[in-house]
Amino acid sequence: MKYIFKILRYDPEKDEKPHFQEFIHEPCPADTVMEAMKDIRDQQDPTLSFRYSCREAICGSCAVVINGHTTLACLQSVAALGTTEIVIEPLPNLEIQKDLYVDMDPFWEALEKIEPYIHNEGEVPENGHEIDEAEMDKIYQFISCILCACCYSACPVASRDGRYLGPAALAKLYRLVQDPRDQRDYTSWRQVNAEDGVWGCDTVFKCNDVCPKEVRPADGILALRRKIFVSELKHIFKRKP
Ligand code: SF4
């Protein structure tokens, strides 16, 4: 079956603004959108630019918007879209560098701000740190993040406030403060106790809807809010004579 692929094109060296280009392509019945994009590039236009690597929802590099839904191109089957007209656009909230290829720097910069590594100055035990199953259960959901930026791109707060840390960074912070090996103290996650941190979230849960790995980053943001709130209360009561 023939499909029309309308793909957003933009070459900053040639184009004044982004525009759609149509390609007619007949994918194999089981093809994903990414396989179709690769075939279009290989057979029709070698200048078509997009990111991809693992092709199995592990690297997180092929995130795009397909018929209005933010997802991984390697996860989305063409046939399952139920239409022969497929519109592919780059991730919103991130500047287009070329075609479907966006500048991920704001996303990485937000992640860097939360210091996304275990804070532990102590000696590593001879057999490594051990974490029991109950503690693993608390963070397992958040470990699955592949840093694809689908949530950041779908977030209405990130679209209007470039300072907002965004769902992925905040969910990652929650994953770390819940980890028994992480010894960062209250002051380090206090940095996110701000309007451009946890309190900036509008709780519209777009991030939960689009996350291809079911991380549900908004769950982490709300849990961080509770932790910060409880810590604040403890400080207030401690200060009382
Ligand atoms: Fe992607 Fe989900 Fe991680 Fe956001 S939380 S970066 S949508 S995997």
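This is a short talk through one protein chain and the ligand that sits with it.

Okay, so first off, what we're looking at is a predicted model. The protein chain has 241 residues, and 44% of them are buried. For secondary structure we get nine helices and seven strands. If you lay the C-alpha trace along its principal axes, the span is about 75 × 40 × 30 Å. And on the contact side, take the pairs at least 6 apart in sequence: 63% of those join residues at least 24 apart.

Let's split the chain up. There's domain 1, covering 3-102, and domain 2, covering 105-239. Their C-alpha centres are 30 Å apart. The contact between them draws on 14 residues from domain 1 and 17 residues from domain 2.

Now, the core. The largest nonpolar core has 64 residues. If you want to find it on screen, go for the residues with the most contacts inside it, which include Phe5, Ile7, Leu72, Ile88, Tyr164, Leu170 and Val192. Which helix gives the most to this core? That's α6, residues 167-177, with eight residues. And where does the core lie relative to the two domains? Both domain 1 and domain 2 give residues to the core, so it lies between them.

Let me pick out tyrosine 164 from that list. Setting aside neighbours within four places in sequence, tyrosine 164 is in contact with Leu170, Tyr152, Cys155, Val157 and Ala158. Further along the list of its contacts you'll find Asp196, Gly197, Gly200, Cys201 and Ile221.

Keep Tyr152 in mind, since that takes us to the aromatics. There are five aromatic pairs by the rule used here. One of them is phenylalanine 107 with tyrosine 152, an edge-to-face pair with 5.8 Å centre to centre and 80° between the planes. What I like here is the sequence separation. Phenylalanine 107 is in helix α2, residues 105-113, while tyrosine 152 is in helix α4, residues 150-154, so to speak a link between distant parts of the chain, 45 residues apart. Buried or exposed, then, for phenylalanine 107? Buried, because its relative accessible area is 3% and the cut-off is under 20%. Tyrosine 152 also comes out at 3% relative accessibility, and counts as buried. Add Trp108 and you have one aromatic cluster, made of Phe107, Trp108 and Tyr152.

On to the ligand. There are 13 residues around it, and the ones that come nearest are Cys145, Cys148, Ala149, Cys151 and Cys211. How does that shell divide by residue type? It's 12 nonpolar, no polar and one charged.

Right, back to domain 1, and helix α1, residues 33-43. Its buried residues are Val33, Met34, Ala36, Met37, Lys38, Ile40 and Arg41. Those buried residues pack against four strands you can click through: β1 (3-9), β2, β3 (63-66) and β5 (85-89).

From the β2 side, look at histidine 25. Histidine 25 is in strand β2, residues 19-25, and is buried, with a relative accessible area of 5%. Leaving out neighbours within four places in sequence, histidine 25 is in contact with Ala36, Asp39, Ile40, Gln43 and Gln44, and also with Met1, Lys2, Tyr3 and Phe5.

Just after that comes proline 27, in the loop between β2 and α1. Proline 27 counts as buried, at 10% relative accessibility. Not counting residues up to four places away in sequence, proline 27 touches Met1, Tyr3, Phe5 and Val78. From proline 27 to aspartate 39 is 8.2 Å, C-alpha to C-alpha, with their positions 12 residues apart in sequence.

Last residue: glutamine 21, also in strand β2. Buried, exposed or partly exposed for glutamine 21? Partly exposed, at 29% relative accessibility. Outside its neighbours within four places in sequence, glutamine 21 is in contact with Phe5, Lys6, Ile7, Arg9 and Asp45. And if you want a long ruler across the model, the C-alpha atoms of glutamine 21 and lysine 213 are separated by 30 Å, with the two residues 192 apart along the chain.

That's my tour, so over to you.

Notes
Residues are numbered from 1 along each chain as its sequence is written. This is a predicted model: local features need pLDDT of at least 70, side-chain atom pairs count only at pLDDT 80 or more; totals for chains, interfaces and linings use all residues. Side-chain values use heavy atoms; hydrogens and water are left out. A nonpolar core is a set of buried Ala, Val, Leu, Ile, Met, Phe, Trp, Tyr and Cys residues joined through side-chain atoms within 4.5 Å. Buried means under 20% relative accessible area, exposed over 50%, partly exposed in between (1.4 Å probe, protein chains only). Helices (H or I, at least four residues) and strands (E, at least two) are DSSP runs, numbered from the N terminus. Domain bounds come from an automatic or database domain assignment. Contact means heavy atoms within 4.5 Å. A residue is near a molecule or strand if one of its heavy atoms lies within 4 Å of it. Ala, Val, Leu, Ile, Met, Phe, Trp, Tyr, Cys and Pro count as nonpolar, Asp, Glu, Lys and Arg as charged, and the others, Gly among them, as polar. Rings of Phe, Tyr and Trp (its six-membered ring) pair if their centres lie within 6.5 Å; planes under 30 degrees apart count as stacked, over 60 as edge-to-face and the rest as tilted.
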